[in-house]
Every structure is written in C-alpha cells, then in structure tokens.
Amino acid sequence: MELEIVLITGMSGSGKSVALRALEDASYYCVDNLPPELLVSFVELEHRHHGNRLAIAMDVRSATSLPQVPQRLAELRRQGCTVHSLFLDATTDTLVRRFSETRRRHPLFHGEHSQGQRALVQVIELERELLAELREQAHVIDTSNIRASQLQGYVKSLISSTTDQLSLVFQSFAFKRGIPVDADFVFDVRMLPNPHYEADLRDLTGLDQPVVDFLAQQPDVALMRSHIESFLAHWLQAMAQNHRSYVTVAIGCTGGQHRSVYLVERLTETFSGQWPTQRRHRELDSR
C-alpha cells in the first residue's frame, strides 16, 4: 500500500482545523475527528477512492480509544504506508484565552458543568495527560505565538520537506514571550553581546549584514556557536537511529531579533549539508 498519511492531533484550541485546511490546500484528502477504531479500515477504503495522500485529525473527543492509535499507526506502517504525526500544542494561558474569546465549549466539559476559568484550566491539564503518549510520538508545533497563516505555512513546509532522514528545525525566539513548547532543545544566548545597545543596530535584525558583521566579531558568539554545533553533531545521529523524524532546536535571546536570529542562520548553514533543515524566526515571522 503506497500511501502517505498525515495524522494531526493536539490540544483543543491549538489550531488543528487550520492545519487540516493547509493540507487540504496541498491536495490531501482530509477527514476530521475519525474514531481510532476505524483508522485502518478507513485508510484502506479511502485509498481506493481518493488517491495516495490522506490527512486525518484526531483529538480528545475520542479519548477512550486514543490508546489504540500507536498500534494502529504501526499496523499501517507495516502495510507500507508512510505516516507523519503532527501534534499541535499551546500554553495553557493561550488556550484559556482562545476559549474565552471564541466562547467555545471545551470538548471535555459535559452536561451542565460550568466552564469557568479555573475549571477550564483543570480540563486542559487533563487533556494534556490524555494526549501525552501521542505527543511523545509526534512532531510538536507550538501555536501559542503564531498566526493562522504562519501555522499553515509551517505545516506545508514540514510535509513537503519530509524524507526518510531526521529533519532539523532551528527556531529563534524571545524569552520575554515564552519558551516554545515544541522545542526539543533550548539554548539561552542572552549572555552574549547584544546589538540592541548599539544605536545603529537596534532597529535591525540578525538577518541584516551590519548585525551579522558585529556578531561575527564577538569571540563569545563564536564560542557559543561552536558549543551548540558540537552538542548537536554528537547527538543527532543517535536520535536518528532512535527513529526520530524531527528535532526542533530553539535559540532564545531577550527580544528574538538579533542574537538568536543570527545563530539560527549560522546553524542552518552548518547542518543543512548533513540533514534536511528548516529555519523559523518566531518573532520576525509574526510581524
């Protein structure tokens, strides 16, 4: 069975419908809220009618049968399917705000149970527990600080670049806006010389040549880059042998504008010849 399947799971309110629309735009046949019990038989049926690209969304609405999903995916892989698992996540504060703004009811609320903020936090944490195993086996995308259009772009780029190799995602971010919850590794570079304090560099970014030149001249920046490269070079092969599909490396500075952006660009240059590699600049992309 030559079939590519994308499984989208994640927290309620994290953007699964947006991700599914992105895959629909990319010519996947998409279905939402499929019960895990039907996964294998549904895939076999749809493969005969809708071609070789299928995207399926599952979430906590199928809570009682979610433990079956890893076994079902393994069965599909044994049949020759290529399976990609994406898990959409966001901080609890972000999810609470989204439910409050949209006035949607969380799917774990039943009957007359109140959806006050405290109760909402409790069911969100319960949902995290129910989805923990699926999250562990998927590539995580943190949607806390990105727009819907960014999420669609991320999903399309991840799927289009998928190979049998481990893929690297380097992401710059600002600590003042929170650590990305999708990061496998986080490196703090706030101790490095900061172009923000140079008047002619303050309004530029790590993509601009004057900032690049400034940071390239700093010994501590070069040392930090060397340490990160050595760490990743040592461990990435082991992670690939453990059947990891993606590794997200987050580089954070205060504003996510200069130092982290510069290092993400340099790290991408270093590793792109060895692994399929993508770059993201969370704060710059959101402007």
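Is F231 buried, partly exposed or exposed, and what is its relative accessible area? In this predicted model, F231 is partly exposed, because its relative accessible area of 31% lies between the limits of 20% and 50%.

The aromatic rings of the structure form 4 aromatic pairs. One of these joins F170 and F271, whose ring centres are 5.9 Å from each other and whose planes meet at 40°, so that the pair is classed as tilted. This pair links distant parts of the chain, since F170 belongs to strand β6 (residues 167–174) and F271 to helix α9 (residues 259–271), with their positions 101 residues apart in the numbering. F170 has a relative accessibility of 0% and therefore counts as buried, and F271, at 1%, counts as buried too.

A further pair is formed by F187 and F231, with 5.9 Å from centre to centre and 80° between the planes, an arrangement described as edge-to-face. Here again distant parts of the chain are linked, for F187 lies in strand β7 (residues 185–188) and F231 in helix α8 (residues 219–241), 44 residues apart. F187 is buried, with a relative accessible area of 16%, whereas F231, as stated above, is partly exposed. Together with F185, the residues F187 and F231 make up one aromatic cluster.

Aromatic rings are also met by charged side chains in this model, as two arginines show. The charged end of R190 sits over the ring of F175, at 3.7 Å from the ring centre, and the charged end of R280 sits over the ring of Y154, at 4.3 Å from the centre of that ring.

Definitions and conventions: Residues numbered from 1 in each chain as written. Predicted model: local features only at pLDDT ≥ 70, side-chain atom pairs only at ≥ 80, totals over all residues. Heavy atoms only, no water. Phe/Tyr/Trp six-rings, centres within 6.5 Å; stacked < 30°, edge-to-face > 60°. Helix = DSSP H or I, 4+ residues; strand = E, 2+ residues; numbered from the N terminus. Buried < 20%, exposed > 50% of the residue type's maximum accessible area, 1.4 Å probe, protein only. Lys NZ or Arg CZ within 6 Å of the ring centre and 35° of its normal.
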